[in-house]
Amino acid sequence: MVDDAAPPPPLTEPQIAAIVNQYKREMARYEKAGALVSDRLRRELRQAGIKHMVSSRPKHPDDLAEKLRRKSTEKPRVYNWDALRENLGSVVTDLAGCRVVVYTTDDELAVGKMVAQFFAQPPRTDAHAARRDGVDDPYWATHALVHPYADKEALDTTVEGAICELQIVTVAAHLFNEIEHDVTYKQRDAGLEADDDERQLLHEIRGVARVADRLVSALLEHRAGRREDVAHVIRDAEDLKYALWAWAERRVDGVELQRLLSLLEQSLDSVTVAALHQLGAVDVVIAEGRRRLASHHDEYDEVTLYTVGLLAQFGPEIRTAARAWRGPKTALRRAIDLALELESEQNPEKT
Amino acid sequence: MTHPQLDVADLVRALTLFQEKRYHAVDVFADDLSDAAKRVVERGTYEQEGRAYRFGVFRELGVVRFEQASTSNAAAVAVAGALIGGAVSAAAKQKGDGILGGALLGLLVGGVLGSVDASNNAVRRVFALQFDPATREWTAYDGALLRWMKDRLLVPDSAA
């Protein structure tokens with residue numbers, strides 16, 4: 001339906017000041033929301049063996065004032081006084097912000113996929129993780145809107161309903177994005193628009209950033225391929241990730257690599273590339289995991305399926321290890337519990 | 001407060017945690033054994049419910065290995081008694097004062113996984129355990145000392 005009514009006028013300075021004052025009183029809430037999101041991501045990315053730098057911040061009140069001035073002119077129907085007064089956080093969705101900087105675009109995509117797994121998201125179309133990567137997009141990154149808690153998680157009422165804007169970006173793209181933002185946005189507002197030379201240099205930096213993205217990916221792929229030395233000792237989740245990829249001769253998606261590594265370290269004298277080979281071909285072990293989870297297998301990532309597949313060789317050990325696990329019930333724990341439950345239903349005498 | 005210690009029955013319990021033949025031995029630090037258990041170690045062999053076990057003492061490593069034995073080879077390491085005192089001292093030295101905070105660790109030792117490849121990269125099945133003195137039960141160990149304890153407790157094939 002077309003709204004024929006005239007758009008509301010841009011916000012006045014006193015209105016902006018009133019909204020910023022209101023925000024200042026709520027700022028601690030957004031700071032906490034961003035911190036909760038970044039803490040969770042740090043834990044999960046370490047578990048997933050993805051190198052990362054995570055930071056969070058509440059929006060600075062000066063930056064909010066600047067945004068309100070600009071947006072109430074550009075999008076007056078959205079950035080209108082009534083809506084902002086009623087629920088500032090649902091109109092300005094980056095009051096809490098969290099940035100994840102990763103090495104490669106593949107990692108950016110992998111983190112994007114993890115978002116819905118670890119966070120509840122507001123019911124709006126721009127909440128899901130979406131990657132801006134069009135040839136003409138000046139700015140490459142993945143964005144999502146999240147709540148600082150997972151679905152069905154016990155709520156911290158101080159941040160209930162708070163929205164955090166999550167940005168996932170490669171190191172190279174981050175360099176370009178920041179410079180481009182400073183030059184074209186901020187300096188335009190300060191009356192210092194980019195001249196032709198600056199635009200040309202920005203264009204070149206963007207090209208360099210794209211090339212850097214590709215070179216970093218190529219370098220890491222090459223290093224992953226070298227995890228063929230059978231005596232190589234796997235010492236962390238990232239190392240295990242690349243060793244699995246090399247053995248599978250493809251990417252193996254999944255999050256809980258640290259947990260898998262812990263299980264292997266508990267059960268083998270040394271977790272080496274040779275040990276992975278002895279456990280069987282990755283796809284065979286994953287297929288075993290699928291078989292054990294029956295119709296539920298498509299609810300789980302490949303690392304989880306691989307771990308469940310290891311029940312064929314380490315069933316009693318994994319069962320014993322899982323009993324001692326503390327902390328939240330992750331997808332991997334749920335999958336192991338389910339597989340053991342299904343097994344006991346099929347073979348009650350074995351358990 | 002006395003430091004909780006392992007009895008021989010606890011070692012048997014570790015070996016029977018999983019199905020028979022999955023793990024043939026459990027390695028523990030010599031100084032974690034009770035005095036009664038040390039006296040049994042000095043004899044070199046042990047029998048319970050018709051099953052024969054034997055001890056191996058690795059003095060330099062500070063480790064005592066408790067393993068299943070057939071009666072025919074049960075006396076093979078009867079020299080254990082001469083070594084236990086040295087092993088206890090070596091174990092204390094390995095750990096350092098108070099580093100384990102009284103934690104009692106054990107490592108189940110099983111067979112080689114799959115086949116030994118041409119480059120002799122054998123992968124052995126083990127399982128890291130921690131003993132709970134309150135319940136006298138063994139549970140899986142996944143703590144910060146996992147790599148360290150495997151490194152210290154697992155007796156190399158050449159020594160075993």
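# Close-up views of a predicted two-chain model

**View 1. Strand β4 of chain A is covered on both of its faces.** On one side of β4(A), Ala141(A), His143(A) and Leu145(A) are buried, and on the other side Thr142(A), Ala144(A) and Val146(A) are buried as well. The model shown here and in the views that follow is a predicted one. Because six of the six residues of β4(A), which spans residues 141-146, are buried, this strand is largely enclosed by the rest of the structure. Strand β3 of chain A, residues 130-132, runs antiparallel to β4(A) and is joined to it by three bridges, and within this pairing Arg132(A) has Ala141(A) as its bridge partner. Strand β5 of chain A, residues 164-170, also runs antiparallel to β4(A), with five bridges joining the two strands; here the bridge partner of Leu145(A) is Glu165(A).

**View 2. Helices α11 and α12 of chain A pack against each other at an angle of about 85°.** Two packed helices are described by the angle between their axes and the distance between the axes. For α11(A), residues 282-293, and α12(A), residues 302-309, the axes lie 7 Å apart, and the angle is such that the two helices are therefore roughly perpendicular to each other. On the side of α11(A), the contact is made by Val282(A), Val285(A), Ile286(A), Glu288(A), Gly289(A), Arg290(A), Arg292(A) and Leu293(A), while α12(A) contributes Glu302(A), Leu305(A), Tyr306(A), Thr307(A), Val308(A) and Gly309(A). By character, the residues of this contact divide into seven nonpolar, three polar and four charged.

**View 3. Leu338 of chain A lies in helix α14 and touches Leu293 and His296 of chain A.** The helix that holds Leu338(A) spans residues 331-346. Leu338(A) has 18 other C-beta atoms within 10 Å and is therefore partly exposed. Its contacts with Leu293(A) and His296(A) are those found when residues up to four places away in sequence are not counted. The C-alpha atom of Leu338(A) is separated by 50 Å from that of Asn80(A), a residue 258 positions away along the chain.

**View 4. Two loop residues of chain A, Glu249 and Ala294, have a positive phi without being glycines.** Most residues other than glycine have a negative phi, and most peptide bonds are trans. Glu249(A) has a phi of about 60° and sits in the loop between α8, residues 237-248, and α9 of chain A; with 10 other C-beta atoms within 10 Å, Glu249(A) is exposed. Ala294(A) has a phi near 50° and belongs to the loop between α11 and α12 of chain A; with 11 C-beta neighbours inside 10 Å, Ala294(A) counts as exposed.

**View 5. Seven strands of chain B form an open, antiparallel sheet.** Strands of a sheet pair through backbone hydrogen bonds, either parallel or antiparallel. In chain B the order across the sheet is β2-β3-β4-β1-β5-β6-β7, and β2, residues 45-48, and β7, residues 137-140, are the edge strands, each pairing on one side only. With direction ignored, neighbouring strands of this sheet are turned by 30° against each other on average. Within the sheet, β5(B), residues 104-113, and β6(B), residues 123-132, pair in the antiparallel sense over eight bridges, and Gly106(B) stands opposite Leu129(B) in β6(B). Helix α1 of chain B, residues 8-15, packs on the sheet and touches β1, β2, β4, β5, β6 and β7 of chain B, its direction making about 135° with that of β1(B). Chain B as a whole holds four helices and seven strands, which run from the N terminus as α-β-α-β-β-β-α-β-β-β-α, and 39% of its 160 residues count as buried.

**View 6. Chains A and B meet in a contact that takes 17 residues from chain A and 20 residues from chain B.** On the side of chain A that touches chain B, at least two residues each come from α9 (257-267), α10 (273-279) and α13 (311-323) of chain A. The residues on this side of chain A divide into eight nonpolar, six polar and three charged. Helix α9(A) lies across β6 and β7 of chain B, and runs at about 95° to β6(B).

Note on methods:
Residues numbered from 1 in each chain as written. Chains lettered and ligands numbered in written order. Predicted model: local features only at pLDDT ≥ 70, side-chain atom pairs only at ≥ 80, totals over all residues. Axes fitted to C-alpha atoms, helices over the stretch in contact; angles between N-to-C directions. Parallel < 35°, antiparallel > 145°, perpendicular 65-115°, else oblique. Contact = placed C-beta atoms within 7 Å. Nonpolar A, V, L, I, M, F, W, Y, C, P; charged D, E, K, R; others polar. Buried ≥ 20, exposed ≤ 12 C-beta atoms within 10 Å, placed from the backbone. Pairing = 2+ DSSP bridges.
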